[in-house]
Amino acid sequence: MTAITRKKTAKRKERESAAAASSTMPVAVIDIGTTSVRMIVAQADGQGGIRTLDFLHQAVSLGKDTFTRGNIARSSIEECVQALRSFRKLLEEYQITDDKRIRAVATTAVREAANIDAFIDRIAIATGISVEPIDEVEVARLTYLSFHASLHHLPRLARADVVIAEVGGGSTELLFLENGVVAFSKTYRLGTMRMREMLEEFHAPAGRQRAILQSHIQQTIKAIRQSITPSAALNLIALGSDARFAAAQILDNYDPDRPTALGVKDLAAFTEDTLQQSPNELVRRYHLPFPDAETVGQALLFYVNLAKSFGTKEILLTNISMRHGLLLELLGHATWTRDFRGQIMHSALEIARKYEADTAHAKHVAHLCELLFDALAEEHRLGPRWRLFLGVAGLLHDIGSFVSARSHHKHSMYLIQNSELFGLGAHDVLLVALIARYHRRASPKPTHVGYAGLERRERQAVAKAAAILRVADALDRSYSQRIRTVSCAIEENRFVVTTRGTVDLSLEQLALKNKGPLFEEVYGLGVVLRNARAGAE
């Protein structure tokens, strides 16, 4: 077993004081990746930022097992166990014993392994650490949170076109922000370990490996360019240890904690030199762990080719990472922020446009959903997460009409489930799809696909949200957004919605008569629409 690399950033007295100060309790993030297991211990710095206290790194080639055999070997599982037991000892030094202050995640190599459950169970039994496999959407969300938190160091990027790329062992994550708004997010099955295994599988001679890698990388970059059309002033950010390693060798006085520009020409020259050397030579020359030496050249070659395809002359290196995003959440700095909710709603609106929905109606229904949700807070007792899900469902409830007006609510559910909603994982997307599906026709039933598999609390929450969506949709039955402001009150077992300025409400009242039964079934309240000026129902 290779030795654990530890980077201390706090002296013993500082570590003891960090453990003792309840207002700045340290937290830990563990990342089980394709080629290594990493842990960061950090605490809030008192100024809205994060101070890293310790960093541990253990090389473990899980990806080599998964990508060649389909499962993780028992020996590799035990290597992870030994590493995490060592990590646990450090956690005890910092008095991090509460599971709420630890988050352990696993990415591609574990997520794709056939024996994922056995791996997670073994880790939990041996170390007491609960490992959470996270999908590509969650990785993109956490990376965005880290990027947004770093903007005080890079204010010029707040409204710029930015591509954030990270080549991992199993995949490449790409995030594109256009004028500061997330416009595209995708994970490509191009990873350094996968490329390495491909070369070994093809028994490619040393003289041909460079050309094979170039061709393989160019296929992915072609797909990327088909999805991204940035402005001339594109900013390219490269994440990951491979890019930082290259910068440390190329630049004098490189500080990984500060944003740094690296010239593409310099990186290209260093990459060619790296690809000419064997892994053993790279280990001897740069003291790299052997798994990193095997794959660093592939990662750097991708960054060089991506930069050239966009015509950028430099690549920006920062300390943005998925792990940093996890730390922000653990420390309470980035949970469902207003900006992040806005990014999710923007992504939903783009999907609505894609399927030619009436966006004026969709945005108005989403707005009414939020007003009604807030007015009914004491009745439904749902948190801000469900308010977001309801708003997204409001934007997307009619997209099924793109397929057919007949049963379009079911088509909406299908399209939502098969769309990429930035910031929402597969289960969250299912919840949004179900809320949209129940905006008309049948009430939720335990036999319905998707709904049947939910826990009781989630089934109840979906029904509560869908009932609100039906009312909001009825209030814009004219598709003219003529009911713009409403006030709500509960009076004698009735939920009274009052509006001003609309003389004839007969169309909306008829719609409420048709859509109101689910609301009454869920909340025990009949819905009444009233014109304040007329004073009549």
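## Six-stranded sheet

Two strands count as paired when DSSP finds at least two bridges between them. In this predicted model, six strands form an open sheet of mixed pairing, in the order β9-β8-β7-β10-β12-β11. The edges are taken by β9 (181–188) and β11 (260–263); each has a single partner strand, so one side of each is left without a neighbour in the sheet. From one strand to the next, the twist averages 25°.

At one edge, strand β8 (residues 172–178) pairs with β9 over seven bridges in the antiparallel sense. Within this pairing, Thr 172 stands opposite Tyr 188 of β9. The hairpin of β8 and β9 has two residues between the strands, and Asn 179 in that hairpin takes a positive phi near 55°.

At the other edge, β11 pairs with strand β12 (residues 314–317), again in the antiparallel sense, over four bridges. Thr 260 has Leu 317 in β12 as its bridge partner. Helix α10 packs on the sheet and touches both β11 and β12, with its direction at about 65° to that of β11.

## Helix α9 and its two partners

Which helix packs with α9 at an angle of about 85°? The partner is α12 (residues 290–310), and the axes of α12 and α9 (residues 241–250) are 9 Å apart. Angles of 65 to 115 degrees count as roughly perpendicular, and α9 and α12 are therefore roughly perpendicular to each other. On the α9 side the contact involves Asp 242, Ala 243, Phe 245 and Ala 246, which meet Val 296, Ala 299, Leu 300 and Tyr 303 in α12. By class, this contact of α9 with α12 holds seven nonpolar residues, one charged residue and no polar ones.

The second partner is α10, whose axis comes within 10 Å of that of α9 and crosses it at roughly 100°. That angle makes α9 roughly perpendicular to α10. Here Phe 245, Ala 246, Gln 249 and Ile 250 in α9 meet Asp 266, Leu 267 and Phe 270 in α10. The contact of α9 with α10 has five nonpolar residues, one polar and one charged. Phe 245 and Ala 246 belong to the contact with α12 and also to the contact with α10.

## Three-stranded sheet

Three strands make up another open sheet, in the order β13-β14-β15, with mixed pairing. β13 and β15 (526–531) stand at the edges with a single partner strand each, so each has one side without a neighbour in the sheet. Neighbouring strands of this sheet are turned by 25° against each other on average, direction ignored.

β13 and strand β14 (residues 494–499) run antiparallel and are joined by six bridges. Cys 488 has Val 497 in β14 as its bridge partner. Helix α21 lies across β14 and β15 and runs at about 150° to β15.

## Salt bridges

Side chains of opposite charge can pair when their charged atoms come close. With a cut-off of 4 Å between nitrogen and carboxyl oxygen, the count comes to 19 salt bridges.

One of them joins the side chains of Arg 122 and Glu 78, at 2.9 Å from N to O. This pair links distant parts of the chain, 44 residues apart, with Arg 122 in helix α5 (residues 116–127) and Glu 78 in helix α3 (residues 74–93). Both partners are partly exposed: Arg 122 has 28% relative accessibility, and Glu 78 has 25%.

Glu 272 and Arg 210 form another salt bridge, at 2.6 Å from N to O. Glu 272 lies in α10 (residues 264–275) and Arg 210 in α8 (residues 206–227), so the pair ties together parts that are 62 residues apart in sequence. Glu 272 is partly exposed at 29%, as is Arg 210 at 30% relative accessibility.

Is Glu 508 buried or exposed? This residue forms a salt bridge with Arg 482, with the closest N and O atoms 2.8 Å apart. Glu 508 sits in helix α21 (residues 506–523) and Arg 482 in the loop between α20 (456–475) and β13 (486–491), 26 residues apart. Buried means under 20% relative accessible area; Glu 508, at 0%, therefore counts as buried. Arg 482, by contrast, is partly exposed, with a relative accessible area of 33%.

Salt bridges that share partners also join Arg 103, Glu 132, Glu 138, Arg 141 and Glu 329 into one network.

Note on methods:
Residues numbered from 1 in each chain as written. Predicted model: local features only at pLDDT ≥ 70, side-chain atom pairs only at ≥ 80, totals over all residues. Heavy atoms only, no water. Buried < 20%, exposed > 50% of the residue type's maximum accessible area, 1.4 Å probe, protein only. Axes fitted to C-alpha atoms, helices over the stretch in contact; angles between N-to-C directions. Parallel < 35°, antiparallel > 145°, perpendicular 65-115°, else oblique. Contact = heavy atoms within 4.5 Å. Nonpolar A, V, L, I, M, F, W, Y, C, P; charged D, E, K, R; others polar.
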